[in-house]
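Here's a quick walk through a few spots worth finding in the viewer. Keep the sequence handy as you read.

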Amino acid sequence: MLTKTIYVIIDIIAVIDIIFTIRALFKVKAAYGKRLMLTLMVAIIAIGASIVVALANNAFAAEVAYCVYFASIDWILYFLAGFCLLYTEHEKTMNKLAVPVALIMAADSVSLFANLFYGHQFSIYEKTMYGTVFYQTSIYPFYYIHLTVAYLVVVLTLFFIIYRIAKSYGLYRMKYVIILSVLLLVILLNLAYMAFSMVLDASVIFYPVAATLIYFCTEVFVPRTLMSTSVGRAVDNMSEGLLLFDINNNCIFANSFSRYRFGIDPENYDFSCEPIASVIDQLDTDGKKYGEVEYIRETPAVTEYYKIRYTSLTDRKARPIGSYFLIRETTEEVIYRHEIEEAKINADNANRAKSTFLANMSHEIRTPLNSILGMNEMILRSADDPLIREYADNIKDSGDTLLSLINDILDFSKIEAGRMEIIKTEYSTHKLIRDCYHFFEQPAGAKDLYLHVDFDPSVPRKLSGDLLHIKQVLNNIISNAVKYTKEGGVTVTVSSQKLQRDKLEFVIEISDTGIGIAKKDVSILFDAFKRINEKENATIQGTGLGLAITRELVKMMEGTIYVDSTLGVGSRFRITIPQDVADASPAGPLVLKRSAETSRYKESFRAPLARILIVDDVPLNLKVAAALLKNTLVQIDTASGGDEAISLCRRRQYDLILLDHRMPNKDGIETFKEISENGMNTKTPVIMLTANALSGADEEYKEIGFAGYLSKPIDINALEAMLISLLPGDKVELM
Ligand code: ADP
C-alpha cells in the first residue's frame with residue numbers, strides 16, 4: 001500500500017510542477033510556448049491515467065487507463081517534437097510534417113483502443129510488489145510497434161536538432177545543445193526505466209521535467225548568457241575607452257580601446273598610473289560621484305584630446321563597490337571648434353574691416369559733399385537769376401539724396417553689427433509730428449499731393465523714448481508714401497493706447513493713395529536691398545534699405561509694424577511703439593502752421609563781437625564754414641592744422657572753436673587736448689565738426705570733453721543753433 005501511495009505522491013508532484021510550468025509558459029510568446037503547453041497538458045492526462053492504473057482494483061479499469069496512458073505519450077511526443085522543431089528554426093519542416101505525423105499518431109492511438117477490445121494484445125496481469133498488488137501489461141509485439149512510432153518521432157526530431165547545431169555557431173549553438181541534451185536525458189531515463197521493468201510506468205514524469213528544463217534554459221538562462229556576452233563584446237569593441245576599478249582602486253577591466261590607446265594592462269594598473277592619475281589629480285573625487293576632465297596626450301607625432309569621465313559605482317544599497325572611467329576622444333571636436341573660432345575671428349576681422357571701410361568711405365564722400373553743398377548754399381543765397389536758383393536747387397536735392405543714402409548704408413551696417421543703441425529722451429508729441437509734417441510738406445506740395453495729419457488730442461503731451469529713431473522710422477515711411485504716390489496724398493494718423501500706468505502704445509498710421517504693393521511682394525518688403533517693381537519704379541530713387549532699417553529700428557524699440565496695401569489703390573503702414581509717459585496731460589489739438597514758401601536763407605542770429613576759430617586741413621571746408629557764417633557777422637579765424645590752431649590759441653582767446661577730427665600730423669583730438677591744457681582757451685567750448693558720422697560718435701566726443709558735435713556736410717540750421725547755445729549770451733543777438 002505504501003508503494004502505491006509513494007507512486008501517487010510522485011505523480012501529484014509532477015502535476016503541480018506541470019501546472020507551474022504552464023503558468024510560466026503563458027509568458028512565452030509565439031507558437032513555441034503554445035506547443036510546449038500542449039505537451040504539458042497531455043502529460044497531465046497521462047499522469048492522471050497512470051494514477052488510475054496504480055489505484056485500479058480491477059483489470060478492465062487498469063487496461064483502459066493504460067490505453068489512455070500510451071495514447072497520451074503519442075501526443076506528448078508529437079507536441080514536444082513540434083516545439084523542438086520550431087525552436088530550432090525548422091518552421092517549414094514542422095509545417096510539412098505536422099499533418100502526416102499527427103495522422104500516424106492518431107492511428108496509433110486508435111489502434112491502442114481497438115486492440116483493447118479486439119486484439120487483446122494487452123494482457124493485464126496482477127503482480128505483487130513490496131506486498132502490494134499492481135496490474136501490469138505484458139509486452140506483446142504490437143506494443144513494440146507503438147514504441148517504434150513514438151521513438152521514430154523522437155529520433156527524427158533529434159536529427160533535425162543535430163542538423164541545426166551543425167549549422168549554427170557560438171552562443172546560438174548553446175541553445176540547441178541544451179534542447180538536445182534535455183531530450184537525450186529524457187530518452188535515456190525512459191529506456192532505463194523500461195530496462196529495470198518497474199511495476200508501473202511513471203516515466204511520463206520525465207516529460208514535464210524536460211519541458212520545464214527546456215523552458216528555463218531557453219527563456220532564462222540562454223538570453224541572460226547572450227546578454228552578458230553581448231554586453232561584454234560591445235563594451236570591448238566600443239569606440240570609447242572603459243576602465244573598471246574595484247573598491248581598492250585596482251583595475252579589474254580595461255576594454256580594447258583603453259588597452260591599445262593607452263597601453264593599459266589591467267593586471268598592473270591602478271589610480272597611480274596615467275592617464276587616470278592626472279584625471280584624479282584634477283578631479284576632486286572626495287564625496288563626488290562623477291566628474292569630467294579634459295586630457296591632452298602629446299606624443300612626438302600627434303596631439304590627441306580626450307574627455308575622461310569618472311563615475312563611482314555603488315550596489316543597490318548605495319554602498320561603494322568601485323568606479324569606472326569613460327574615455328572619449330575629442331580631437332576632431334577640438335579641431336572643429338578651433339576652426340570655428342578661427343572662422344569667427346576672421347569673420348569679425350572682416351566685419352571690422354567692412355565697418356572701417358564704410359566709415360572711411362562715408363568720411364571721404366562727406367568731405368567733398370560738404371564743399372559741394374556749402375558752395376551751393378552760397379549760390380542759393382546770392383543768386384537772383386531764377387534759372388541759376390533752379391539749378392542750385394537741383395544740386396541741393398541730389399546732394400541731400402546722396403547724403404541720405406550714405407546715412408542709410410551706415411545705419412544698416414550699424415544695425416548689422418548690433419551697434420545701434422536705444423537712447424531715451426523726453427519729447428513733445430506735438431513737436432515730433434509737426435517736425436515730420438514740415439519735413440515733407442514741401443516734397444508733397446511739389447508733387448501736388450495733400451499731407452494730412454489726424455492727431456488724437458488725448459495723446460499725452462510728453463513721452464519718453466528714442467526720439468531720433470522714432471523720427472527716422474516715421475520719416476522713412478512718410479518719405480516712401482510721398483515717393484510712391486502720384487495722385488491724392490498721404491494721411492498721418494496719430495493715437496495712443498494705454499498699457500500700464502506710465503506706459504502706452506504710441507500708434508502711428510501712414511496711409512497713402514499711391515501705387516500700392518502686390519500681396520506676393522509684402523513678404524519681401526522689409527528685406528534689405530529689395531525693391532519692388534524695379535522697372536516701374538526705376539525713376540524713383542531708392543536702395544531698398546529704408547524699410548529694412550525701419551523694421552530693425554521698430555524691433556529694437558520693441559514695437560510692431562504692419563502693412564495693409566492694395567495694388568493701385570494705396571498702402572497703410574501701422575506702427576506701434578511702447579513709450580513711457582513723461583507728461584500725461586492731453587496734448588490737445590495739433591496746429592500746423594504752413595511753413596514759409598521756399599524762403600531764402602536768413603541768419604538766425606548775429607554776433608559781431610564774438611570771435612571763433614575754425615580748424616580744418618581742407619582749405620575748401622574752411623571757406624565753406626566761413627561763408628556759411630558770413631551773415632552772422634561772427635569774427636572768424638581759420639587754421640589749416642593742429643599746430644597752427646594751438647599756436648593761435650596760445651595768443652588769443654576765442655569764444656568758440658570748430659575743430660575737424662581727421663587731420664594730418666595732429667588730429668582733432670590731440671589738438672583739443674593741448675588746447676584745453678595750455679594757452680588761453682582751456683575753458684573755451686570746442687565743437688567737433690567732422691565727416692565721421694558713425695554711431696556713438698556723438699557720445700564719444702562728448703566723453704572726451706567736446707562741447708558739441710556736428711557732422712559734415714554742415715547743416716547751417718544746426719550749426720547756428722549750436723552757436724547760439726554755446727556763444728556767450730551777451731555777444732549774441734537773436735534775429
Ligand atoms: P526704397 O529705397 O526702394 O524706397 P524701401 O525699403 O523704403 O526702399 O522700400 C522697399 C520697396 O517697397 C520700395 O522699392 C517700393 O517698391 C516698396 N514700397 C515702400 N513703401 C511703399 C508705398 N508706400 N507704396 C508702394 N510701394 C512701397
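What follows is a short tour of some local features in this predicted model.

## A buried valine

Start with Val554, which sits in helix H15, the stretch covering residues 546-556. Val554 counts as buried because its relative accessibility is just 2%, and the cut-off for buried is under 20%.

So who are the neighbours? Leaving aside residues up to four places away in sequence, Val554 touches Val473, Gly559, Thr560, Ile561 and Ile575. There's also Ile577 to look at: it is 23 residues from Val554 along the chain, with 7.1 Å between the two C-alpha atoms.

## A negative patch

Over on the surface, four glutamates make up a negative patch: Glu421, Glu699, Glu700 and Glu703. If you want a landmark, Glu700 belongs to helix H19, residues 697-704.

## Backbone oddities

Two non-glycine residues have a positive phi. Take Glu89, with phi at about 60°; you'll find Glu89 in the loop linking helix H3 (59-87) to helix H4 (91-119). Glu89 is partly exposed, at 39% relative accessible area.

Then there's Asn249, where phi is about 65°. Asn249 lies in the loop between strand S3 (241-246) and strand S4 (251-254), and it is partly exposed too, with a relative accessible area of 29%.

## A cis proline

Last stop: the peptide bond between Lys712 and Pro713 is cis, with omega at about 0°. To find Pro713, look in the loop between strand S20 (708-711) and helix H20 (716-726).

Key
Residues numbered from 1 in each chain as written. Predicted model: local features only at pLDDT ≥ 70, side-chain atom pairs only at ≥ 80, totals over all residues. Heavy atoms only, no water. Patch = residues over 30% accessible without salt bridge, like charges linked within 9 Å, V, L, I, M, F, W, Y side chains within 5 Å. Areas by Shrake-Rupley, 256 points an atom, 1.4 Å probe, with all protein chains shown as cover. Salt bridge = Lys/Arg side-chain N within 4 Å of Asp/Glu carboxyl O. Lys, Arg positive; Asp, Glu negative; His and termini not counted. Charge placed at Lys NZ, Arg CZ, Asp CG, Glu CD. Helix = DSSP H or I, 4+ residues; strand = E, 2+ residues; numbered from the N terminus. Buried < 20%, exposed > 50% of the residue type's maximum accessible area, 1.4 Å probe, protein only. Contact = heavy atoms within 4.5 Å.
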